[in-house]
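Trainee: Walk me through this one, please. I'd like to know what each label rests on.

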Amino acid sequence: MNEALDLSLYAKPAGAGTLGMDLAVEGVACGACIDRIESAVKKLPGVTDARLNFTNRRLHVAWADGALQPAQIIGTLEKIGYRGHPFVPLRAEQEEAAEARRLTRYLAVAGFAAMNVMLLSVSVWSGNATDITPETRDFFHWASALIALPAAAYAGQPFFKSAWRALKARSLNMDVPITVGVTLALAMSLVETANHARSAYFDSAIMLLFFLLVGRTLDHAMRRKTRAVAGNLAALKADSAHRFAGDELVTVPVAVLKSGDRVLVKPGERVPADGMVISGSSEIDESVITGETARRAVAAGVQLYAGSLNFNGTLTLRVSAAGEGTLIDEIERLLERAASAKSRSLRLADRASRIYAPLVHLAAAATALGWLIAGASLHDALVTAIAVLIITCPCALALAIPAVQVVASGALFRAGVILNSGDAIERLAEADTVVFDKTGTLTLPEPRVVNADAIDPVLLQMAARLALSSRHPLAVALSREAASARPYDGAVEEPGQGVRAMIDGSEARLGSPAFCGLGNVMPLPGSSLIVFTFAGKTAAISIAQKLRPDAAEVVNALRGLGLDLRILSGDRNEAVAPVARALGISHWQGTLTPAEKIVFIDSLKTTGRRVLMVGDGLNDAPALAAAHVSLSPISAADLTQAQADAVFLGDRLKPVHDAILIARRARRLMKENLWFAAIYNAVAVPIAIAGLVTPLIAALAMSGSSLSVTLNALRARMQGGRA
Amino acid sequence: MNVLVYLVPAALGLGLIGLIGFLWALRSGQYSDVEGAALRVLSDDDIGRTGD
């Protein structure tokens, strides 16, 4: 292609007359890649810096403004065997990076303070048992106060802020009892220190913050990792478009297309943006949009949607915003309605904290009152009440759920499932009905060869290798069977007919039956035909939508988990029936509009079912939003992916099964952990109310319970979960 | 136990140096690519350069 590739969108000023660009790099597999990529890129003229981040597979390049074209960087990467995809880091991702750094700073400060205070506390405890002088003890307590107070004021910020937000909204969350407990413990310790008391709780307060920050930081790190992978995948998917600049064609990233631009869509390419055809005619495959697998003939004046596959003709398109009455318009309206009707299920942690927080505060108040009535001094009654608050401070409780979430999202990640929303794990575990879309979900997103068994394997391999030289969608589908990625030398494409090449002195042809010198050959029902001839031998290759390789197996396994399975498709009934039959799913419906899919899901919901919707088409987006929980394959339309709670990778359906298994195990562990925390409190609170808690007991109880809850959470990682 | 009057601050000071060191490392981006750092140490770029 001799068109210019314009990447100026991605180049950002990086100070002092230099430009910088970030690329997601495909193919980075080992440590040697770092050096190979960096030194190759650094050899380009004008490049001042090239650094590959191996953790998230991203390359940052900086160069002197005007010294090189960004496209050269991609060319250089390609030459050494990597594919670079420029991208602009999402703002959400940048904010999360800043938040992660903040959390790590809090964690570092809390950890430093906890260690030093504990050093002093252990001396006081052992001194209290032997012969510490009151002066030394006071000195140690004041030193502890000096460390703990500023550290808690700094490192406690995430909890204080969150508690304040909750209180302002007149609700309670887990951070309210944490804040109250930490503040009171510090205040009481300060008063006790001033009164030369034998014990203080500085260590408990700061250790509590440290443990909680460990949980939060881990949770955040996991989410950031999945976010980075999702960002890379988005960059890999981002297509380019051929835009007319006057009469010249310029290849630009799809992101810069504006309403009114004219773009050229060549055969075998996807339509880059919504728009109206202004010239040319072709057949297009809109299965990503509507689920319909039959192709539609289009000509000037027809509205097209981004993501449709252009089959055989070249089209010129005027990019337009979605007009009234178009499919996109209807889908957005449905999405709004589905979002407003969605009853957000209350998360397990919120439910627990809503019961727990008032209970803790009541227990503390009752303790103070009880001791006063029993004749204790006001000082003693208050000290005991605060001890109750410290011992019940929901360290274990606040770790019980995040810890499981971290481990479970790690397991999901390894199984090829990337979470979009944090509470998806709980909702995934509750699903009892699974509704599948057909096209692109149960079937592979791209068509494949369906009669490979009936063709001579040698002939098929030659045909597939010849197909590498064509951009026709059928040839592209055939080329996926090729074992070698090297096209034949001298292959010539005859537009609209086929490709031919000389192989070992004989001519090979791949294309329409007429191009290969055959009469009318009837394709198998529901499939398209491509013919290959070589040295007198002929192969009629059928290309059609094919089930995902493990679809039947996974569907059976899901049934084994006690799930009720359905298929709701926008495709014709003749196309849905064989799939439903092959998978043994008796409840299926075809020719559904997006609105009808929602109606169907709503009717399932009114019978008390929790629906997991798995779909990829634009037409599935409203249904995904309406369902209790939703999954979509990575090949799904962008709008659809944004609605899904999680996205799964690869050609297999197994991640759906794994996701449900992991989620169920995670939910069980969350409940176990909550029960564990409850039992811990049932034992510890009476001791605290009785006034028997010393700082040593508080410290032991707190770290012991946090540790056991975390260890239990690690079980979410064991067995299974691997793709 | 007068020795404590300067030993405790000294211990704290050492701890603080460690904390500041960590915060500096965090700020200068040394934790942004922990997997890469583990592999970079193995590359022989310093040897190769002299031969170029």
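Mentor: First, a rule for sheets: two strands pair if DSSP finds at least two bridges between them. Helices (H or I, at least four residues) and strands (E, at least two) are DSSP runs, numbered from the N terminus. This is a predicted model, where local features need pLDDT of at least 70 and side-chain atom pairs pLDDT 80 or more, while totals for chains, interfaces and linings use all residues. Residues count from 1 along each chain's sequence, with chains lettered from A and ligands numbered from 1 as written.

Trainee: What makes β17 and β24 of chain A a pair?

Mentor: Four bridges join β17 (433-436) to β24 (564-568) in chain A, and the rule asks for at least two, so they pair. The two strands run parallel, with V435(A) opposite R566(A) of β24(A).

Trainee: And how do you know which strands of chain A are the edges?

Mentor: In chain A, the open sheet has seven strands in the order β16-β28-β27-β26-β17-β24-β25, with mixed pairing. β16 (417-419) and β25 (588-589) of chain A each pair on one side only, which puts them at the edges. Helix α19 (594-606) of chain A packs on this sheet and touches β17, β24 and β26 (611-614) of chain A; contact requires C-beta atoms, placed from the backbone, to lie within 7 Å. The direction of α19(A) makes about 155° with that of β26(A).

Trainee: Why is α22(A) called roughly antiparallel to α23(A)?

Mentor: The axes of α22 (654-689) and α23 (695-713) of chain A come within 10 Å and cross at roughly 165°. Axes are lines fitted to C-alpha atoms, for helices over the stretch in contact, with angles from 0 to 180 degrees between N-to-C directions. Over 145 degrees counts as roughly antiparallel (under 35 is roughly parallel, 65 to 115 roughly perpendicular, the rest oblique), so α22(A) and α23(A) earn the label. Their crossing is right-handed, that is, the near helix is turned clockwise from the far one by less than a right angle.

Trainee: Which residues make that contact?

Mentor: Among them are F676(A) and Y680(A) of α22(A), and V709(A) of α23(A). The contact divides into eight nonpolar, four polar and one charged residue. Nonpolar covers Ala, Val, Leu, Ile, Met, Phe, Trp, Tyr, Cys and Pro; charged covers Asp, Glu, Lys and Arg; the others, including Gly, are polar.

Trainee: What does chain A bring to its contact with chain B?

Mentor: Chain A gives 17 residues and chain B gives 19. α3(A) supplies the largest share of chain A's side, seven residues. By class, that side has eight nonpolar, six polar and three charged residues.

Note on methods
Two residues are in contact if their C-beta atoms, placed from the backbone, lie within 7 Å.
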